[in-house]
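Colleague: Thanks for making time for this one. Could we go through the model together, question by question?

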Amino acid sequence: MKIKQPELPYAMNALEPHISQETLEYHYGKHHKAYVDKTNTLIEGTEFADMDLESIIKGAKGGLFNQAAQVWNHSFYWNSMSPDGGGDPEGAIADAIRESFGSLDNLKEEFNEKTISNFGSGWAWLVKNKSDNGLSIIETDDAQTPLTDESVVPLLTCDVWEHAYYIDYRNARAKYLDAWWKLVNWEFANRNYEKTVD
Ligand code: MN3
(Lines give C-alpha, C1' and ligand atoms only; values in the text may rest on other atoms or scores of the structure.)
Protein backbone atom coordinates (compact mmCIF):
# COMPACT_ATOMS: atom_id res chain seq x y z
CA MET A 1 0.00 0.00 0.00
CA LYS A 2 1.41 3.36 -0.93
CA ILE A 3 1.60 5.80 1.98
CA LYS A 4 -0.09 9.07 1.04
CA GLN A 5 0.61 12.53 2.36
CA PRO A 6 -2.66 13.81 3.85
CA GLU A 7 -3.83 17.18 2.57
CA LEU A 8 -2.97 20.15 4.71
CA PRO A 9 -6.19 20.89 6.67
CA TYR A 10 -6.05 24.60 5.72
CA ALA A 11 -4.56 26.87 3.08
CA MET A 12 -0.80 27.46 3.02
CA ASN A 13 -1.31 31.08 4.15
CA ALA A 14 -4.01 30.30 6.74
CA LEU A 15 -1.72 30.35 9.78
CA GLU A 16 -0.28 33.80 9.04
CA PRO A 17 0.93 35.94 10.69
CA HIS A 18 2.05 33.32 13.23
CA ILE A 19 3.44 30.78 10.76
CA SER A 20 4.13 32.00 7.24
CA GLN A 21 3.11 30.57 3.90
CA GLU A 22 6.81 30.22 3.09
CA THR A 23 7.34 28.03 6.16
CA LEU A 24 4.42 25.78 5.21
CA GLU A 25 5.57 25.58 1.60
CA TYR A 26 8.88 24.18 2.82
CA HIS A 27 7.68 22.29 5.88
CA TYR A 28 4.62 20.61 4.35
CA GLY A 29 5.62 20.81 0.69
CA LYS A 30 9.20 19.64 1.00
CA HIS A 31 10.06 18.19 4.43
CA HIS A 32 6.84 16.26 5.08
CA LYS A 33 6.60 15.17 1.45
CA ALA A 34 10.19 13.89 1.56
CA TYR A 35 9.38 11.69 4.58
CA VAL A 36 6.42 10.24 2.67
CA ASP A 37 8.51 9.62 -0.47
CA LYS A 38 11.38 8.02 1.47
CA THR A 39 8.98 5.80 3.41
CA ASN A 40 7.51 4.55 0.14
CA THR A 41 10.97 3.87 -1.28
CA LEU A 42 12.06 1.97 1.84
CA ILE A 43 8.98 -0.28 2.11
CA GLU A 44 9.00 -1.33 -1.54
CA GLY A 45 9.46 -5.08 -1.83
CA THR A 46 9.63 -5.60 1.95
CA GLU A 47 7.31 -7.08 4.59
CA PHE A 48 6.09 -3.50 5.21
CA ALA A 49 4.90 -2.92 1.65
CA ASP A 50 1.24 -3.73 2.36
CA MET A 51 0.98 -2.29 5.87
CA ASP A 52 -0.73 0.91 6.91
CA LEU A 53 1.39 3.71 8.34
CA GLU A 54 0.76 2.95 12.03
CA SER A 55 1.69 -0.70 11.56
CA ILE A 56 4.90 0.27 9.78
CA ILE A 57 5.85 2.61 12.65
CA LYS A 58 5.11 -0.05 15.26
CA GLY A 59 7.10 -2.72 13.40
CA ALA A 60 10.04 -0.83 11.89
CA LYS A 61 13.42 0.16 13.26
CA GLY A 62 16.20 2.48 12.16
CA GLY A 63 15.84 4.46 8.96
CA LEU A 64 12.36 3.25 8.06
CA PHE A 65 11.06 3.97 11.56
CA ASN A 66 12.47 7.50 11.37
CA GLN A 67 10.88 8.27 8.01
CA ALA A 68 7.50 6.69 8.78
CA ALA A 69 7.22 8.21 12.26
CA GLN A 70 8.01 11.62 10.80
CA VAL A 71 5.14 11.17 8.32
CA TRP A 72 2.71 10.46 11.17
CA ASN A 73 4.12 13.12 13.52
CA HIS A 74 3.77 15.85 10.90
CA SER A 75 0.20 14.89 9.97
CA PHE A 76 -0.66 15.07 13.67
CA TYR A 77 1.14 18.42 13.95
CA TRP A 78 -0.85 20.04 11.11
CA ASN A 79 -4.04 19.07 12.90
CA SER A 80 -2.73 20.36 16.22
CA MET A 81 -2.98 23.89 14.79
CA SER A 82 -5.89 25.77 13.28
CA PRO A 83 -6.50 29.24 11.84
CA ASP A 84 -9.37 29.36 14.39
CA GLY A 85 -7.21 28.00 17.20
CA GLY A 86 -5.70 29.51 20.32
CA GLY A 87 -7.55 31.06 23.22
CA ASP A 88 -9.02 29.09 26.07
CA PRO A 89 -9.92 25.41 25.81
CA GLU A 90 -13.49 24.22 26.33
CA GLY A 91 -15.07 20.88 27.09
CA ALA A 92 -13.36 17.79 28.45
CA ILE A 93 -9.85 19.03 27.70
CA ALA A 94 -10.46 22.17 29.77
CA ASP A 95 -11.47 20.08 32.79
CA ALA A 96 -8.52 17.73 32.32
CA ILE A 97 -6.07 20.66 32.12
CA ARG A 98 -7.48 22.13 35.34
CA GLU A 99 -7.23 18.77 37.06
CA SER A 100 -3.69 17.93 35.92
CA PHE A 101 -2.02 21.37 35.83
CA GLY A 102 -4.25 23.68 37.87
CA SER A 103 -4.59 26.15 34.99
CA LEU A 104 -3.85 26.71 31.30
CA ASP A 105 -1.06 29.11 32.28
CA ASN A 106 0.62 26.40 34.33
CA LEU A 107 0.37 23.96 31.43
CA LYS A 108 1.89 26.53 29.05
CA GLU A 109 4.70 27.31 31.45
CA GLU A 110 5.65 23.67 31.95
CA PHE A 111 5.24 22.83 28.25
CA ASN A 112 7.40 25.78 27.17
CA GLU A 113 10.07 25.12 29.78
CA LYS A 114 10.45 21.48 28.76
CA THR A 115 10.32 22.29 25.07
CA ILE A 116 12.86 25.09 25.14
CA SER A 117 15.30 22.94 27.10
CA ASN A 118 15.15 20.03 24.60
CA PHE A 119 18.74 20.18 23.38
CA GLY A 120 18.32 19.16 19.77
CA SER A 121 15.48 18.34 17.39
CA GLY A 122 12.28 16.71 18.49
CA TRP A 123 8.66 17.03 19.43
CA ALA A 124 6.66 18.26 22.41
CA TRP A 125 3.43 16.41 23.15
CA LEU A 126 0.41 16.78 25.35
CA VAL A 127 -0.81 13.27 26.07
CA LYS A 128 -3.49 11.52 28.06
CA ASN A 129 -2.41 8.78 30.44
CA LYS A 130 -4.61 5.75 29.88
CA SER A 131 -4.26 4.75 33.54
CA ASP A 132 -6.16 7.70 35.01
CA ASN A 133 -7.16 9.97 32.06
CA GLY A 134 -4.80 12.63 33.47
CA LEU A 135 -2.59 14.72 31.19
CA SER A 136 1.19 14.77 30.81
CA ILE A 137 3.78 16.60 28.73
CA ILE A 138 6.26 14.43 26.87
CA GLU A 139 9.39 15.40 24.96
CA THR A 140 10.59 13.09 22.22
CA ASP A 141 13.90 13.32 20.35
CA ASP A 142 14.27 13.24 16.58
CA ALA A 143 11.47 11.11 15.10
CA GLN A 144 10.39 9.39 18.33
CA THR A 145 6.63 9.35 18.83
CA PRO A 146 4.24 8.50 21.67
CA LEU A 147 2.24 6.47 19.12
CA THR A 148 4.44 3.52 20.12
CA ASP A 149 3.77 4.03 23.85
CA GLU A 150 0.77 1.90 24.81
CA SER A 151 0.25 3.81 28.07
CA VAL A 152 -0.62 7.19 26.52
CA VAL A 153 -2.87 8.79 23.91
CA PRO A 154 -1.38 11.75 22.00
CA LEU A 155 -3.60 14.85 22.10
CA LEU A 156 -1.49 17.65 20.58
CA THR A 157 2.03 18.12 19.28
CA CYS A 158 4.44 20.92 18.54
CA ASP A 159 7.29 20.29 16.08
CA VAL A 160 10.48 21.66 17.56
CA TRP A 161 12.83 20.81 14.74
CA GLU A 162 14.43 24.05 13.64
CA HIS A 163 12.92 23.71 10.14
CA ALA A 164 9.51 24.36 11.77
CA TYR A 165 10.42 27.92 12.73
CA TYR A 166 13.72 29.06 11.27
CA ILE A 167 12.19 31.08 8.39
CA ASP A 168 9.81 32.95 10.69
CA TYR A 169 11.70 33.16 13.97
CA ARG A 170 15.31 32.20 13.16
CA ASN A 171 16.63 30.41 16.26
CA ALA A 172 14.09 31.93 18.68
CA ARG A 173 12.26 28.79 19.77
CA ALA A 174 10.41 30.66 22.54
CA LYS A 175 8.83 33.06 20.03
CA TYR A 176 7.72 30.13 17.87
CA LEU A 177 6.14 28.49 20.92
CA ASP A 178 4.17 31.69 21.60
CA ALA A 179 2.94 31.52 18.01
CA TRP A 180 2.00 27.84 18.35
CA TRP A 181 -0.15 28.57 21.40
CA LYS A 182 -2.03 31.18 19.35
CA LEU A 183 -2.92 28.46 16.85
CA VAL A 184 -3.42 25.48 19.15
CA ASN A 185 -6.40 23.38 18.04
CA TRP A 186 -8.36 22.59 21.19
CA GLU A 187 -11.11 20.92 19.15
CA PHE A 188 -8.60 18.39 17.86
CA ALA A 189 -7.33 17.83 21.41
CA ASN A 190 -10.91 17.29 22.59
CA ARG A 191 -11.61 14.80 19.82
CA ASN A 192 -8.49 12.84 20.72
CA TYR A 193 -9.27 13.02 24.42
CA GLU A 194 -12.90 11.99 24.15
CA LYS A 195 -12.64 9.20 21.64
CA THR A 196 -10.51 7.21 24.03
CA VAL A 197 -12.24 7.82 27.37
CA ASP A 198 -13.51 4.46 28.59
MN1 MN3 B 1 9.00 19.16 10.89
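Colleague: Where is the place of R170?

Modeller: Keep in mind that we are reading a predicted model. Phi of R170 is near 50°, a positive value in a residue other than glycine. Most residues other than glycine have a negative phi. As for its place, R170 sits in the loop between α6 (166–169) and α7 (173–183).

Colleague: And D142, what is the value of its phi?

Modeller: D142 lies in the loop between β2 and β3. At 44% relative accessibility D142 counts as partly exposed, because that label covers values between 20% and 50%. D142 is a residue other than glycine with a positive phi, and the value is near 55°.

Colleague: Which residue follows α4 and has a positive phi?

Modeller: Helix α4 spans residues 92–101, and its buried residues include F101. Right after α4 comes a residue with phi near 90°, and that residue is G102.

Colleague: While we are on backbone angles, which two residues does a cis peptide bond join?

Modeller: Most peptide bonds are trans. Here omega is about 5° for one bond, and that bond is cis. One partner, P17, lies in the segment before α1. The two residues joined by the cis bond are E16 and P17.

Colleague: Now the metal, please. Which residues are the protein donors of the manganese ion?

Modeller: The donor atoms lie 1.9 to 2.1 Å from the manganese ion. Three of the donors bind through NE2 and one through OD. In sequence, the donor residues follow the spacing H-x46-H-x84-D-x3-H. By name, the donors are H27, H74, D159 and H163.

Colleague: How many residues apart in sequence are the parts that the pair H27 and H74 ties together?

Modeller: Both H27 and H74 are buried. H27 belongs to helix α1 (residues 21–43) and H74 to helix α3 (residues 62–79), so the pair links parts whose separation in sequence is 47 residues.

Colleague: Staying with α1, is T39 buried or exposed?

Modeller: T39 has its place in helix α1. Leaving out residues up to four places away in sequence, T39 touches I3, L64, Q67, A68 and V71. Its relative accessibility is 0%, so T39 counts as buried.

Colleague: I3 is in that list. How far apart in space are I3 and L53, C-alpha to C-alpha?

Modeller: I3 lies in the segment before α1, and with a relative accessible area of 7% I3 is buried. Beyond its neighbours within four places in sequence, I3 is in contact with several residues, among them V36, T39, I43, L53 and V71. I3 and L53 are 50 residues apart in sequence, yet their C-alpha atoms are separated in space by 6.7 Å.

Colleague: Which residues of helix α4 are buried?

Modeller: The cover over the buried residues of α4 includes α5 (104–116), β1 (122–129), β2 (135–141), β3 (152–159) and α8 (186–194). Under that cover, the buried residues are A92, I93, A94, A96, I97 and F101.

Colleague: For α5, which residues does T115 touch, not counting those up to four places away in sequence?

Modeller: T115 is found in helix α5. With a relative accessibility of 0%, T115 counts as buried. The residues that T115 touches are A124, E139, V160, R173 and L177.

Colleague: Let's zoom out. What is the radius of gyration of the protein chain?

Modeller: The chain has eight helices and three strands, in the order α-α-α-α-α-β-β-β-α-α-α from the N terminus on. For 198 residues the globule rule gives 16 Å, and the chain comes close to that, so it is as compact as a globular protein of that length; its radius of gyration is 16 Å.

Colleague: Among contacts between residues at least 6 apart in sequence, what percentage join residues at least 24 apart?

Modeller: Buried residues make up 49% of the 198 residues in the chain. Among the contacts you describe, the share joining residues at least 24 apart is 68%.

Colleague: Last one: how far apart are the mean positions of the positive and negative charges?

Modeller: The chain exposes about 9,900 Å², and carbon and sulfur atoms supply 46% of that area. There are 18 positive and 32 negative charges, and their mean positions are separated by 4 Å.

Definitions and conventions:
Residues numbered from 1 in each chain as written. Predicted model: local features only at pLDDT ≥ 70, side-chain atom pairs only at ≥ 80, totals over all residues. Heavy atoms only, no water. Donors = N, O, S within 2.8 Å, 3.2 Å for Na, K, Ca; no water. Helix = DSSP H or I, 4+ residues; strand = E, 2+ residues; numbered from the N terminus. Buried < 20%, exposed > 50% of the residue type's maximum accessible area, 1.4 Å probe, protein only. Rg over C-alpha atoms; globule rule 2.2 N^0.38 Å. Contact = heavy atoms within 4.5 Å. Areas by Shrake-Rupley, 256 points an atom, 1.4 Å probe, with all protein chains shown as cover. Lys, Arg positive; Asp, Glu negative; His and termini not counted. Charge placed at Lys NZ, Arg CZ, Asp CG, Glu CD.
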